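Hi,

Here is the structure I promised to pass on. Have a look at it first, and then read on for what turned up when I went through it.

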Amino acid sequence: MNIPLIKRVYPAFKQLVLFIFGKHDLGFKKVVMVEYPSKGIWSLGFLTNEAFKSINSVFDREMVPVFVPNSPGPFSGYVIFVPKEELKFPDIPISDALKIILSGGVINIENKT
């Protein structure tokens, strides 16, 4: 902690790690795969809500908000509205999806050895 660079970086890094891997609700409902930013390209995202009646009424179908985070900084990204029937729902816990995003896809959550 006496090294100047470590003294400044460590507290922020520790707080980030505790936030990401801690046991608390991030507001995400489910992990989803969404065709974004174009057809044939699939992005990992998070279903954030399912109760936007005013938006659904404009489209006459169920549109849901999906947060598509940037990698490796998952705290910024895009909120897009997608027809719910166009989403894929992989069986991935939110914490594992965050690990994939933070690592830029390097961490394989299926290889836990």
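**The β1-β2 hairpin**

In the hairpin formed by β1 and β2, 6 residues lie between the strands, and G40 among them takes a positive phi near 90°. Please keep in mind throughout that this is a predicted model. The two strands of the hairpin, β1 and β2 (residues 42-47), run antiparallel and are joined by 6 bridges. Two of the bridge partners are easy to find on screen: V34 is matched with S43 in β2, and K30 has L47 as its partner in β2.

**The overall layout**

Stepping back, the protein has 3 helices and 4 strands. Followed along the sequence, they come in the pattern α-β-β-α-β-β-α. Of its 113 residues, 25% count as buried. Among contacts with a separation of 6 or more, 42% are between residues 24 or more positions apart.

**The sheet**

The 4 strands make an open sheet in the order β1-β2-β3-β4, with antiparallel pairing. Which strands stand at the edges? They are β1 (30-35) and β4 (77-83); each has a single partner strand, so one side of each is left without a neighbour in the sheet. From one strand to the next, the twist averages 45°. As a general reminder, strands of a sheet pair through backbone hydrogen bonds, either parallel or antiparallel.

The bridge counts are worth a look as you move across the sheet. β2 and β3 pair in the antiparallel sense over 2 bridges, with L47 having V66 in β3 as its bridge partner. That puts L47 in two of these pairings, with K30 and with V66. Moving on, β3 and β4 run antiparallel and are joined by 7 bridges; here M63 stands opposite P83 in β4.

Helix α3 (residues 94-102) lies across β1, β2 and β3 (63-69), and runs at about 140° to β2.

**β3 and the cores**

Is β3 mostly buried or exposed? Of its 7 residues, 7 are buried, so the strand is largely enclosed by the rest of the structure. Both of its faces are covered: M63, P65, F67 and P69 are buried on one side, and V64, V66 and V68 are buried on the other.

β3 also matters for the largest nonpolar core, which has 9 residues in all: V32, V34, L47, V64, V66, V68, I80, V82 and L87. At least two residues of this core come from each of β1, β3 and β4, and β3 gives the most, with 3 residues. A second, separate core has 8 residues, including F28, L44, A97 and I101. In soluble globular proteins, nonpolar side chains tend to be buried together.

If you would like one residue to explore in the viewer, try V64. Leaving out residues up to four places away in sequence, V64 touches L47, N49, E50, I80, F81, V82, K84 and L87.

**Aromatic rings**

Searching the whole structure finds 4 aromatic pairs. One of them, F28 with F46, is stacked, at 4.2 Å centre to centre and with 10° between the planes. This pair links distant parts of the chain: F28 is in the loop between α1 (4-21) and β1, F46 is in strand β2, and they are 18 residues apart. F28 has a relative accessible area of 18%, so it falls under the 20% cut-off and counts as buried. F46 is also buried, at 1% relative accessibility.

Y36 and Y78 make another pair; their ring centres are 6.2 Å apart and their planes are at 50°, so the pair is tilted. It too links distant parts of the chain, with Y36 in the loop between β1 and β2, Y78 in strand β4, and their positions 42 residues apart. Both are partly exposed: Y36 has 23% relative accessibility, and Y78 has a relative accessible area of 46%.

F28, F46 and F67 form one aromatic cluster. F28 is therefore worth finding in the viewer, being buried at 18% relative accessible area. Finally, K30 has its charged end over the ring of F89, 5.5 Å from the centre of that ring.

Happy browsing, and shout if anything is unclear!

Best wishes

Methods: Residues are numbered from 1 along each chain as its sequence is written. This is a predicted model: local features need pLDDT of at least 70, side-chain atom pairs count only at pLDDT 80 or more; totals for chains, interfaces and linings use all residues. Side-chain values use heavy atoms; hydrogens and water are left out. Two strands pair if DSSP finds at least two bridges between them. Axes are lines fitted to C-alpha atoms, for helices over the stretch in contact, and angles run from 0 to 180 degrees between N-to-C directions. Contact means heavy atoms within 4.5 Å. Buried means under 20% relative accessible area, exposed over 50%, partly exposed in between (1.4 Å probe, protein chains only). A nonpolar core is a set of buried Ala, Val, Leu, Ile, Met, Phe, Trp, Tyr and Cys residues joined through side-chain atoms within 4.5 Å. Rings of Phe, Tyr and Trp (its six-membered ring) pair if their centres lie within 6.5 Å; planes under 30 degrees apart count as stacked, over 60 as edge-to-face and the rest as tilted. A charge sits over a ring if NZ of Lys or CZ of Arg is within 6 Å of the ring centre and within 35 degrees of the ring normal.
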